[in-house]
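Q: Can you walk me through reading a few features off a model like this one? Let's have it on screen first.

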Amino acid sequence: MFRKVLIANRGEIALRVVRACHELGIEAVAVYSEADARAPHVREADEAILLGPAPSSESYLKGDAIIAAALRTGAEAIHPGYGFLSEREWFARAVRDAGLVWIGPPAEAIAAMGSKTAARTLAIQAGTPVVPGTTTALRDADEAAEVAERFGYPVLLKAAAGGGGKGMRVVHERGELAASLQAAQREAKNAFGDDAVYVEKYILGPRHVEIQVLGDQHGTMLHLGERECSIQRRHQKMIEEAPSVAVTPELRARMGAAAVAAARAAGYTNAGTCEFLLDAKGEFYFLEMNTRIQVEHPVTELVTGVDLVQWQLRIAAGEKLPFAQDELVPRGWAIECRITSEDPANGFLPSTGRVRYLHLPSGPGVRWDGGIETGSEITLFYDPMLAKLIVHAPTRELAIERMHRALLELTIDGVDTSRDFHLRMMENDDFRRGEFGIQWLEAHLDELLRARPDRESVIRAAISAALMAERDRSVRRVSTSPAVASVPASSNSTWLRVARRDALR
Ligand code: MV4
């Protein structure tokens with residue numbers, strides 16, 4: 001095992017990797033920007049190296065400075081986390097060329113999956129179902145029309161160098177094709193420096209279900225089941241769960257085998273995720289592979305009992321996976337809510353400021369993967385995700401109740417957060433029934449966020465609740481008469497419970 005590992009990231013994922021390192025007896029080296037000098041990931045690491053000013057381009061994206069920091073501190077390996085440099089082929093290669101170990105897949109596998117058309121070709125060769133469409137860049141609108149006529153409209157134009165939803169365009173009829181193709185090519189050129197665009201049949205209203213894979217350097221490739229990631233807004237996932245209500249054990253086995261085959265075809269090792277669309281008929285289609293640890297990995301950890309970040313380190317150090325595929329059956333249900341510094345009442349406008357007060361949920365089945373603490377300054381320099389609240393329970397119904405309870409325990413003062421959005425989601429009938437696809441959230445946001453009490457009412461309710469609580473307490477002190485039992489209970493009203501807790505703080 002490594003003696004020392006450098007973590008090329010910040011926030012909750014950097015802290016997550018520090019924890020995995022320490023549990024494996026590895027020293028952790030943090031890197032940080034001037035804005036993060038007092039950040040938890042810096043304090044919890046054993047050493048830390050300043051990279052530069054706050055902007056990512058001058059700090060967390062400085063590959064050369066990060067490699068120099070690893071060499072200077074005697075780190076043997078680099079863990080990239082997610083985002084930043086995690087899926088840059090050149091960085092994985094530069095790390096290897098510097099004589100360091102890259103805690104992730106080979107640079108060649110990152111490259112193979114980075115091109116969405118190359119990834120489709122690999123998947124097809126592996127027998128993994130893909131959405132009907134092309135595997136090469138379109139020459140012109142006539143070629144696109146030919147494909148579209150074969151599969152039927154609507155079709156989706158996608159940038160070959162894209163992914164994550166950037167540079168996509170839906171086309172409903174032949175007449176729109178030429179202009180849309182031009183626009184898509186221009187967008188792709190601007191965003192990725194590559195104007196290659198291909199076409200797929202547009203799948204309407206599917207679910208987004210992804211399969212976690214883990215492969216060692218000795219030929220073992222396993223899947224760890226699915227995550228349901230359909231609750232998203234503008235390609236930002238908000239809630240993830242494992243397993244998915246839409247996946248039977250039989251479907252899980254088929255999707256898992258398809259993901260393993262695609263990963264093998266790419267020469268993959270370490271942790272990775274194959275994204276699929278799953279339609280109402282139970283047909284699934286490979287979309288792309290994410291060649292990194294993902295934000296939502298904890299839900300898989302909770303239902304499989306496998307520590308994915310520890311295994312990333314172990315695999316990179318040459319260990320063999322000790323599991324058999326049939327041991328990796330999901331147990332219970334896990335749900336993750338992304339706690340972001342965005343105001344749901346205000347179109348998810350990013351919120352900035354200092355965290356003045358932070359009270360974290362705890363108790364049975366509750367996990368907090370966070371990167372903030374009281375006093376943290378939330379700026380616009382980095383991603384708005386502050387933390388992830390994850391719960392595990394025996395069933396989906398109990399997991400939803402547990403998440404609701406944990407969200408009520410959570411207080412973050414000083415910045416607006418997505419907490420109230422998540423509370424409403426846990427109370428939503430469609431969500432509770434598991435009836436949603438990738439388009440659900442954007443179609444239901446207005447009704448979900450409607451009828452928020454104004455601030456003045458909440459303050460009055462909080463004062464009333466505190467007075468009532470105080471009265472209850474004094475009644476209890478002086479008397480044990482039956483009348484005490486009839487004091488109105490606050491426990492069956494969500495708002496009253498929240499207001500009371502706030503007021504008694
Ligand atoms: C699609 C699709 C429908 N049909 N491809 C978006 C992100 C990128 N990974 C691929 N995406 C999609 N590709 C076909 N042929 C719908 C999406 C899509 C989506 C996929 C996963 C999660 C959220 C999404 C939100 C909008 C669109």
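A: Sure. Start with a cut-off: a residue is called buried when its relative accessible area is under 20%, and exposed when it is over 50%. Keep in mind that this is a predicted model.

Q: Let's try that on Ala271: is it buried or exposed?

A: Ala271 has 1% relative accessibility, so it counts as buried. You'll find Ala271 in strand S12, residues 270-278.

Q: Which residues does Ala271 touch, leaving aside those up to four places away in sequence?

A: There are Gln212, Val213 and Leu214, then Thr291, Arg292 and Ile293, plus Gln312. Take Ile293: it sits 22 residues from Ala271 along the chain, yet their C-alpha atoms are 6.1 Å apart.

Q: And Leu467, buried or exposed?

A: Leu467 comes out at 58% relative accessibility, so it counts as exposed. Leu467 belongs to helix H16, residues 455-478. Together with Ile459 and Ile463, Leu467 forms a nonpolar surface patch of about 280 Å² accessible area.

Q: Now sheets. In what order do the strands S6, S7 and S8 run?

A: Two strands pair if there are at least two bridges between them. Here the order is S7-S6-S8, in an open, antiparallel sheet. The edges are S7 (169-171) and S8 (197-201), each pairing on one side only. On average, neighbouring strands are turned by 30° against each other, ignoring direction.

Q: What packs on that sheet?

A: Helix H8, residues 174-192, does, touching S6, S7 and S8. The direction of H8 makes about 170° with that of S7.

Q: How many bridges join S6 and S7?

A: Three, in the antiparallel sense, with S6 spanning residues 155-159. Look for Leu156 opposite Val170 in S7.

Definitions and conventions:
Residues are numbered from 1 along each chain as its sequence is written. This is a predicted model: local features need pLDDT of at least 70, side-chain atom pairs count only at pLDDT 80 or more; totals for chains, interfaces and linings use all residues. Side-chain values use heavy atoms; hydrogens and water are left out. Patches are made of residues with over 30% relative accessible area and no salt bridge: like charges are joined within 9 Å, nonpolar side chains (Val, Leu, Ile, Met, Phe, Trp, Tyr) within 5 Å. Accessible areas come from the Shrake-Rupley method with a 1.4 Å probe; for residues, only the protein chains shown count as cover. A salt bridge is a side-chain nitrogen of Lys or Arg within 4 Å of a carboxyl oxygen of Asp or Glu. Helices (H or I, at least four residues) and strands (E, at least two) are DSSP runs, numbered from the N terminus. Buried means under 20% relative accessible area, exposed over 50%, partly exposed in between (1.4 Å probe, protein chains only). Axes are lines fitted to C-alpha atoms, for helices over the stretch in contact, and angles run from 0 to 180 degrees between N-to-C directions. Contact means heavy atoms within 4.5 Å.
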